[in-house]
Protein chains: 2
Amino acid sequence: MTNSSIGVDLGGTNLRIAVVDPGGRLLEKVSLDTDVARGKDYAIGRMCEEVRRLQQKYQNAAALPAVGVGVPGIIDMRTGLLRGAENLPGWTDFHVGEEIEKGLGRPVFLENDANVAALGEKWLGASREVDDMAMFTLGTGVGGAIVLGGRIWHGMTGMAGEFGHMTVEPGGVLCTCGSQGCLEMYASATAIVRLAREAMAAGPAPGLARAAGSDQGLSAKAVCDLARNGDEDASAVVGRAGRYLGIGIANMVTTLNLPMYVIGGGVSRAWDLLAPPVFEQLQHYSLVYAATKPASPGIKSTGAGANIESRGPTKTIVVPAELGGDAGLYGAARLAMMSA
Amino acid sequence: MTNSSIGVDLGGTNLRIAVVDPGGRLLEKVSLDTDVARGKDYAIGRMCEEVRRLQQKYQNAAALPAVGVGVPGIIDMRTGLLRGAENLPGWTDFHVGEEIEKGLGRPVFLENDANVAALGEKWLGASREVDDMAMFTLGTGVGGAIVLGGRIWHGMTGMAGEFGHMTVEPGGVLCTCGSQGCLEMYASATAIVRLAREAMAAGPAPGLARAAGSDQGLSAKAVCDLARNGDEDASAVVGRAGRYLGIGIANMVTTLNLPMYVIGGGVSRAWDLLAPPVFEQLQHYSLVYAATKPASPGIKSTGAGANIESRGPTKTIVVPAELGGDAGLYGAARLAMMSA
């Protein structure tokens, strides 16, 4: 693992590529437009072009840098087939890895975007001091990843870690997956906007109504900003999202007993608002959390240092992610280093 | 692993000891009364006496047989301290492993009873052909175990696999653990009796009332027998238990994506009644199950053979346990073989 590697974060909007050295230093970063309207061949062509350029620039005597790619959606780890990639219309049931390999003329290492984000946080972020962790990624949807012994736990067909589709309210809101009461329906950015609209429909919610009528329209960020400024209706919405998130995390604490759960994705910027209901629910709904909680659960990220005793971690730590939007980029580079 | 080993199943009522050879053949079995009223020193003394006798009888040139012990309750894997052993009153916060080792003069291998049952089913029972599995044990309470790569996943402090305390109904029935809506409150033998009493209180339920007034009184078995004979009230109770069990399994399928989930414990004798609601809920509540379900989910145990393709398992199999009450005994012996 002495070579630098290349990480690719293939998102629905942005296609970002970074060269990262084995110490985690960013050597170069390129941001492109995924331009989904022009189709997948265009995006993959542009990606391969840039990757080849960077490979030549950063190759050393030993080898070309290895390439890791994070993609949104579920990857069948046996066949390389991409499934349920809602942010990449037209890419579903597509052999994305094979196509990239054709374009580059050599193997690439492919991983779900939530999984590379977890690898990034494990390598350089919130969970760099633990070997086992789970990450909840709260964005448009809710993604998840389980890291055991420093490696992604894929499960049988690569679908492990689908935390967004855990049932947190049996018989609850219908989910795009066909189920009801999935965590994604309560703790994603999309869900926060829906809950806010429900609050407006249920009674006067002047703050939310003002935000909805503004030029920017209603967004999860607008709801969280209102809640932070004391708006009661917005606070109730964010509190509800936090309580369901707490139940979802509680179920993982109770069944997996990991030392660390990291909360990432855009919605985790509201961790200051989410943390109080999350910790309240953890205490109430998980006997394992109650038995292993730290003296003072961190609202801010404290890293894992406090958790490590000589016999290894003994406390359940729940913290926000540290690498923000770059977690997946670093994680994809790390994936290539670990796999090459 | 050429030596036979000794497995001990230390239950709240029975203390059973077996000598098992590396091929899984039972060489000798001893059943004692745990006699909890006489205290733990008495039970441990009797156990050690029998184990020493069997060790001498079955020792070979290489060594004395190693000893594995399954105990009800949560064991802190770092300290050996027994916690929450409700069926062993007076044993809580007790260094059970240390005491047995004192009595035998050599190390023993200790494990939670749900974990040894899973090891038994993995070795000789329903999941002998897969490396990764989870087991739900439906008895007085609901226990659980996760096996990854053929070994128990203990988690950070040995509390992993507490499936009985997953939340399947937020805000639901208060659990002995302090939480609400735990799976144990809906799918254990105790829960089935409580649900039947609730049904009797809610309206006329003549079949259940007759069973409750009989000499044997109301038991989970009586409720299941009534349901099997077509009693509508009893069927509704068992159906409800099955639906909650389905939600609990669904959450594990969605987050762990394992090839096999085994349902054991006394209540699993009613698998013929539980299976239909379980599979209905799995299909509804887990996108991972929907994507990986076999052509015909087995009501009866089919073993895992059908699940194994050349690339490994690709289907999610949910089956009843095969070893019945002996799973823990074989699993404890297996634990000793694997660990010694």
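Here are some short exercises, with worked solutions, on a predicted model.

**Exercise 1. Get a feel for chain A.**
Find out how many helices and strands chain A has, and check its radius of gyration against that of a compact globule.

*Solution.*
- Step 1: Start with the secondary structure. Chain A contains eleven helices and 14 strands.
- Step 2: Look at the box around the C-alpha atoms. Along the principal axes of chain A it is roughly 65 × 55 × 35 Å.
- Step 3: Now the check. A compact globule of 340 residues would have a radius of gyration near 20 Å, and chain A has 20 Å, so the two agree.

**Exercise 2. Look at the inside and the surface of chain A.**
Work out what share of the residues in chain A is buried, and what share of the exposed area comes from carbon and sulfur atoms.

*Solution.*
- Step 1: Of the 340 residues in chain A, 59% are buried.
- Step 2: Turn to the surface. Chain A exposes about 12900 Å², and carbon and sulfur atoms account for 50% of that.
- Step 3: Add the contacts. Take those in chain A between residues at least 6 apart in sequence: 61% of them join residues at least 24 apart.

**Exercise 3. Count the charges, then follow one pair.**
Find how many positive and negative side chains chain A has, then decide whether A:D9 and A:R16 are buried or exposed.

*Solution.*
- Step 1: Chain A carries 29 positive and 34 negative side chains, and the centres of these two sets are 4 Å apart.
- Step 2: Keep one general idea in mind. Side chains of opposite charge can pair when their charged atoms come close.
- Step 3: Put that to work. A:D9 and A:R16 form a salt bridge through their side chains, with 3.2 Å from N to O.
- Step 4: Check the cover, remembering that buried means under 20% relative accessible area. A:D9 has 17% relative accessibility, so A:D9 is buried. A:R16, with 13%, is buried too.
- Step 5: Zoom out for the total. Over all chains, the count is 29 salt bridges.

**Exercise 4. Set two salt bridges of chain B side by side.**
Say where the partners of B:E198–B:R194 and of B:R228–B:D272 sit in chain B.

*Solution.*
- Step 1: Take B:E198 and B:R194. Their side chains meet in a salt bridge with 3.0 Å from N to O.
- Step 2: Place them. Both belong to helix α5 (residues 189-202) of chain B, four residues apart, which is about one turn of the helix.
- Step 3: Check the cover. B:E198 is partly exposed at 37% relative accessibility, and B:R194 is partly exposed at 22%.
- Step 4: Now B:R228 and B:D272, a salt bridge whose closest N and O atoms are 2.8 Å apart. B:R228 is in helix α7 (residues 220-228) and B:D272 in helix α9 (residues 271-285) of chain B, so this pair ties together parts 44 residues apart in sequence.
- Step 5: Finish with their cover. B:R228 is partly exposed, at 38% relative accessible area, and B:D272 is partly exposed, at 37%.
- Step 6: Hop back to chain A for a network. Salt bridges that share partners link A:D9, A:R16, A:K29 and A:D326 into one.

**Exercise 5. Inspect two positive phi values.**
Locate B:D93 and B:N257 in chain B, and decide whether each is buried or exposed.

*Solution.*
- Step 1: B:D93 has phi near 60 degrees, a positive value in a residue other than glycine. B:D93 sits in the loop between β6 (82-83) and α2 (96-104) of chain B.
- Step 2: At 52% relative accessibility, B:D93 is exposed.
- Step 3: B:N257 has a positive phi as well, near 50 degrees, and is not a glycine. Its loop runs between α8 (232-256) and β11 (260-264) of chain B.
- Step 4: B:N257 has 1% relative accessibility, so B:N257 is buried.

**Exercise 6. Trace the neighbours of B:P294.**
Find which residues B:P294 touches, leaving out residues up to four places away in sequence.

*Solution.*
- Step 1: Place B:P294 in the loop between α10 (287-292) and β12 (308-309) of chain B. With a relative accessible area of 14%, B:P294 is buried.
- Step 2: List the contacts. B:P294 touches B:Y289, B:K315, B:T316 and B:I317.
- Step 3: Take one of these partners. B:K315 is 21 residues from B:P294 along the chain, while their C-alpha atoms are separated by 5.5 Å.

Conventions:
Residues are numbered from 1 along each chain as its sequence is written. Chains are lettered from A and ligands numbered from 1 in the order in which they are written. This is a predicted model: local features need pLDDT of at least 70, side-chain atom pairs count only at pLDDT 80 or more; totals for chains, interfaces and linings use all residues. Side-chain values use heavy atoms; hydrogens and water are left out. Helices (H or I, at least four residues) and strands (E, at least two) are DSSP runs, numbered from the N terminus. The radius of gyration is taken over C-alpha atoms; the globule rule is 2.2 Å times the number of residues to the power 0.38. Buried means under 20% relative accessible area, exposed over 50%, partly exposed in between (1.4 Å probe, protein chains only). Contact means heavy atoms within 4.5 Å. Accessible areas come from the Shrake-Rupley method with a 1.4 Å probe; for residues, only the protein chains shown count as cover. Lys and Arg count as positive and Asp and Glu as negative; His and the chain ends are not counted. The place of a charge is taken as NZ of Lys, CZ of Arg, CG of Asp or CD of Glu. A salt bridge is a side-chain nitrogen of Lys or Arg within 4 Å of a carboxyl oxygen of Asp or Glu.
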